[in-house]
Amino acid sequence: MADVVQYRLERMVQELDDLERRGLFSRAEISEIVKQRRKFEYRLKRPSPLKQDYLAYIDYETRLDELRLLRRKAAAREMRRKGNRKLKKSVSDFAGVARVVEIYRLATNRFKGDVELWLSAKLWAIYRSNNFLVVCFRFRASALQISWYCNGSVMSVGSDCFVLADVIRFHPKVPGIWIYAAAWEFDQNLNAAAARALMQSGLRACPTSEDLWVEYLRMELTYLNKLKARKVILGEDSGTLSRDHRDTDEKQWRDENKELFMTLVEKRENNEEASDVQDGESEEKLALFQEHGLSILRTVYSGAVEALPSNFNLRTRFIEILEATNLDHSEEMRKEILDEMNRDFSKEPEYWEWLARLNSKRTVDKGEGIKLSWLDKAIQIYEDAIKVLPSATMFTLYIRFLRDVIVDKSGEVQSSGLFSASDSTVDPISHALMVYERAESMGCITEDLACQHISFYMELGRLEEARKLAEKLCSGKLADSVDLWVLRFSIEMRCVPNKSGLPSKLDILSAYKLLKPVLTRTAVSKAESLWILALKFFSNQRHYCDKLVELSLVSLAKDGGSDDGFSLSSAIVNVVRQKDGIKSARDMYKRFLALPHPGRAIYKSCIDLESNLASAGDRDGLVEARKLHESALATYDQDVSLWQSYYSLEIKMGTSETANAVCWRARKSLKDKASLLSSPYL
């Protein structure tokens, strides 16, 4: 190892002497550079070097070369000020870059599967600085082998393509690399044939890559558009393959108001006769390009669909590309793609949602001069979808679309990106309510849709209708829905007729009778939100609060307490403590702990309560905290956090003997889990 490191350091002598001779670094600085490089070289030569070792070496050499470049510029300015000749380039000007590339080569040889590292190496394949290029021939040359001087600059041999070739060789199944390589050939090397060959090779290696198919089509259409633009610049042709929607809108407006331009058209008829022939030839050439572009799109689309027959997103992206380009017979191609999508994806709710939003910005001619607005057309599409696919998901998408329209129309939020619905004959609010009712009548109602329906009535301020609907839904097949019951209970409390704002005794009795059945038949773990709402509402009603406690004892005895998360017993203990004090709270949690399976959460909550009281000076707090720890550990003796809490309590409040006893018991009980103890005391 030492011989190899020494050999590599000796190869740097010429570069280091050049740096000292030109005054860019002092001898002490060069000694420090050698010291640092020796350290990095030894790290790279150990049996299993890490990726970070290579990256740290690269970072050091990069910063060192930046410092050299700054000092070289300063030295050049000083020479020009004194009237001396320009500072010539020498071996030190490219040795640093060559070393970085060499380190990248070693790193990529060792970590061939790291794509990010390969791409970082590619960025270093050509180093641009101060009007010259330093390149590394095939990414494997030494510092003296990579320099070709030509009239004061360094000649590029295109090592980018060699680095990309190596990346592709090791990672042929990564579509992004093929796209990156083709983009470099197309944009940087200006070689469309090579880019096309790379894309086609990528499609053979990754035929199921959606991005590859789409980018291949974009590249072909971009190349065709560039050829078209070149002819336009040379004056041989006119027009473009890119669709300009402003021109389309202007043409449509002119056609609708052609009587305004009739006089101008008549005056220009004679003047334009001479140019008609030339315009006809230009249009014919443009049509040829448009036809060729459509042929390309059709060919790529056929191959993509054959490779990915069930990929819905691929076809939507092809539609977007088609609408963004001005191709011959594009409407026919668009209709063909849409027909195939309807055939293949008519059972997918996402297809109908996409189709409705695709047509949301189009005015559709219905015939006989009648035109449907985008909203009418979108609603018609959703209605067809409901007939083909009557499901809860389809109704959810339908209603979400209508809610977006309502928000956009009201002007409160402009995030939906839809146009105003003022030209539509459909009221989106009443139509949304009708869709909710249809979902219920067709048996497609879900808990989420039911809550949305009730909330929608509440947003409209129709509280009584929301109350009746909640009562109806809670007595049907959604009777076990906790969220629906929470919503219904909230509405009942808002409908209290008392002018003082406080519920009467009759209202409180009705509320308790309403909640009791659902709280009794629903497991505590599922009815968390309903229990919290009930405790909050009845907290000031001692009689009904006591009834809730008895009800909770029955439910917890049947279902057991929770070990983590929400704990009903802990919530009740906190309510009792706030109302009646710590003595009543202790009596209450002892009742819960006497149940068959109280749960770990109530133990931890009570331990925290008593520990805080003990820290505040309550003598009984320490005694109760110890009892709680012992009781909890009798069931959960493998819980590391309980042992840590117990030991921490003894360290703070107890004696060294009691703390050591807890520590010994913890290690004996945990055995293999003793290493999990994170407390510094254990």
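How much space lies in the largest cavity? About 60 Å³. Keep in mind that this is a predicted model.

## Cavities

Let's start with the empty space. Rolling a probe the size of a water molecule over the atoms shows where such space is left. Here the count comes to 3 cavities of 30 Å³ or more.

## Around the largest cavity

Three helices each give two or more residues to the lining of the largest cavity: H2 (13-21), H4 (51-81) and H5 (92-110). H4 gives the most, with 4 residues.

If you want to pick out the lining in the viewer, look for Glu-15, Leu-19, Phe-25, Arg-37, Glu-61, Leu-64, Asp-65, Arg-68, Ser-92 and Gly-96. By type, that lining splits into 5 charged, 3 nonpolar and 2 polar residues.

## The nonpolar cores

Now for the greasy parts. In soluble globular proteins, nonpolar side chains tend to be buried together. In this model, the largest nonpolar core holds 142 residues, and Met-341, Trp-354, Ile-454, Leu-519, Leu-530 and Phe-538 have the most contacts inside it. Helix H17 (residues 392-410) supplies the largest share of this core, with 9 residues.

What does Leu-530 contact, once its neighbours within four places in sequence are left aside? Its partners are Val-482, Trp-485, Val-486, Leu-515, Val-518 and Leu-519. Leu-519 is itself among the residues with the most contacts inside the core.

Apart from the largest core lies another one, of 21 residues, including Leu-24, Phe-25, Ile-30 and Ile-103. You've already met Phe-25: this residue also lines the largest cavity.

Methods
Residues are numbered from 1 along each chain as its sequence is written. This is a predicted model: local features need pLDDT of at least 70, side-chain atom pairs count only at pLDDT 80 or more; totals for chains, interfaces and linings use all residues. Side-chain values use heavy atoms; hydrogens and water are left out. On a 1 Å grid over the protein atoms alone, a cavity is a set of points where a 1.4 Å probe fits but cannot get out, and a pocket is an open set with protein on both sides within 12 Å along at least five of seven lines; lining residues have an atom within 4 Å of a point. Grid points are joined across faces, edges and corners, and a volume is the space filled by probe spheres set on the points. Ala, Val, Leu, Ile, Met, Phe, Trp, Tyr, Cys and Pro count as nonpolar, Asp, Glu, Lys and Arg as charged, and the others, Gly among them, as polar. A nonpolar core is a set of buried Ala, Val, Leu, Ile, Met, Phe, Trp, Tyr and Cys residues joined through side-chain atoms within 4.5 Å. Buried means under 20% relative accessible area, exposed over 50%, partly exposed in between (1.4 Å probe, protein chains only). Contact means heavy atoms within 4.5 Å.
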